[in-house]
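Biologist: Please choose one part of this structure for a close look and walk me through its surroundings. I would like the overall picture too, with the cut-offs spelled out.

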Amino acid sequence: MNFFLIFDLAILICYNTKWRFILEKILYIAAVLSKKSQHILFDHMLGLIDIPKNWKKIGHHMTIEFNKAKEYSGKDKFNNLDFGTPVYLMPKFYKMDNNAVAIIPACIPSSKQLGITRTPHITLAVAPGTSPVYSNELLKTGNYQEITKRIVLEAYLTKIVSGIGPVPKIAEFADDVYG
């Protein structure tokens with residue numbers, strides 16, 4: 001029998017059992033917006049601000065944990081919340097400069113319950129050549145603009161993993177999993 005076939009079969013069996021945590025590497029934990037909520041967010045914000053047409057639109061998740069995410073390999077919970085738990089986000093503020101625009105939402109469960117230690121936010125869009133990580137710098141200086149009309153966005157507590165196969169692109173992942 002072909003060695004590679006046996007190896008692939010062994011990996012597949014491990015990947016689909018409780019031993020999956022050996023193979024997965026958590027990249028980060030996020031509240032991933034449903035496709036419908038992504039549309040609601042962009043429709044709402046485009047009514048408030050002008051995002052340049054050449055900017056990359058993002059707006060599909062709010063990162064919850066990045067640095068300690070690997071500690072949750074093989075676990076079904078994060079801070080006593082099951083992965084897949086709905087997270088409701090209500091945009092309260094935004095900040096925009098020449099490089100990015102970010103939204104600061106109120107969260108249910110709360111930011112504290114989710115274990116967020118920095119300003120929770122959704123990177124809505126970035127200018128060409130700007131990394132989405134820049135939104136962390138953008139928000140450090142304060143001076144936020146209030147969003148007076150309230151909307152509620154539905155997201156899901158998700159661990160974004162790599163392991164077997166390519167790293168999923170979060171937008172495609174959100175479409176596949178949360179419609």
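Modeller: Happy to! Accessible areas here come from the Shrake-Rupley method with a 1.4 Å probe, and for residues only the protein chains shown count as cover. On that basis the protein has an accessible surface of about 10,400 Å², with 57% of it belonging to carbon and sulfur atoms. Please keep in mind that this is a predicted model, where local features need pLDDT of at least 70 and side-chain atom pairs count only at pLDDT 80 or more, while totals for chains, interfaces and linings use all residues. Residues are numbered from 1 along each chain as its sequence is written, and side-chain values use heavy atoms, leaving out hydrogens and water.

The protein contains five helices and 10 strands; these are DSSP runs numbered from the N terminus, with at least four residues for a helix (H or I) and at least two for a strand (E). Of its 179 residues, 41% are buried, where buried means under 20% relative accessible area, exposed means over 50%, and partly exposed lies in between (1.4 Å probe, protein chains only). As for contacts (heavy atoms within 4.5 Å), 75% of those with a separation of 6 or more join residues 24 or more positions apart.

My choice for the close look is strand E8 (122–126). Five of its five residues are buried, so E8 is largely enclosed by the rest of the structure. Two strands count as paired if DSSP finds at least two bridges between them. E8 pairs with E7 in the antiparallel sense over four bridges, and with strand E2 (residues 56–57), again antiparallel, over two bridges. Ala125 of E8 appears in both pairings: Val101 stands opposite Ala125, and so does Lys57.

Next, look at Leu124. Beyond its neighbours within four places in sequence, its contacts include Leu41, Phe42, Met45, Lys57, Val101 and Ile103. Leu124 also belongs to the largest nonpolar core, a set of 32 residues in which Met62, Leu89, Leu114 and Leu124 touch the most other members. (Such a core is a set of buried Ala, Val, Leu, Ile, Met, Phe, Trp, Tyr and Cys residues joined through side-chain atoms within 4.5 Å.) Elements that each supply at least two residues to this core include E8, E7, helix H2 (35–46) and strand E10 (153–162). Apart from it lies another core of seven residues, with Val126, Ala100, Ile104 and Leu139 among them.

Following E7 (residues 100–108) along the chain brings you to Ile108. Ile108 is partly exposed, at 48% relative accessibility. Together with Tyr88 and Val152, Ile108 makes a nonpolar surface patch of about 270 Å².

In E10 you will find Tyr156, which is buried at 16% relative accessible area. Its C-alpha atom is 5.2 Å from that of Val32, although the two residues are 124 apart along the chain.

Finally, the charged side chains. The whole structure has two salt bridges, each defined as a side-chain nitrogen of Lys or Arg within 4 Å of a carboxyl oxygen of Asp or Glu. In one, the closest N and O atoms of Lys140 and Glu137 are 3.1 Å apart. Both residues lie in helix H4 (residues 134–140), about one turn from each other; Lys140 is exposed at 63%, while Glu137 is partly exposed at 44%. Arg150 and Glu146 meet in a salt bridge at 3.8 Å, N to O, with Arg150 partly exposed at 43%.

Note on methods
Patches are made of residues with over 30% relative accessible area and no salt bridge: like charges are joined within 9 Å, nonpolar side chains (Val, Leu, Ile, Met, Phe, Trp, Tyr) within 5 Å.
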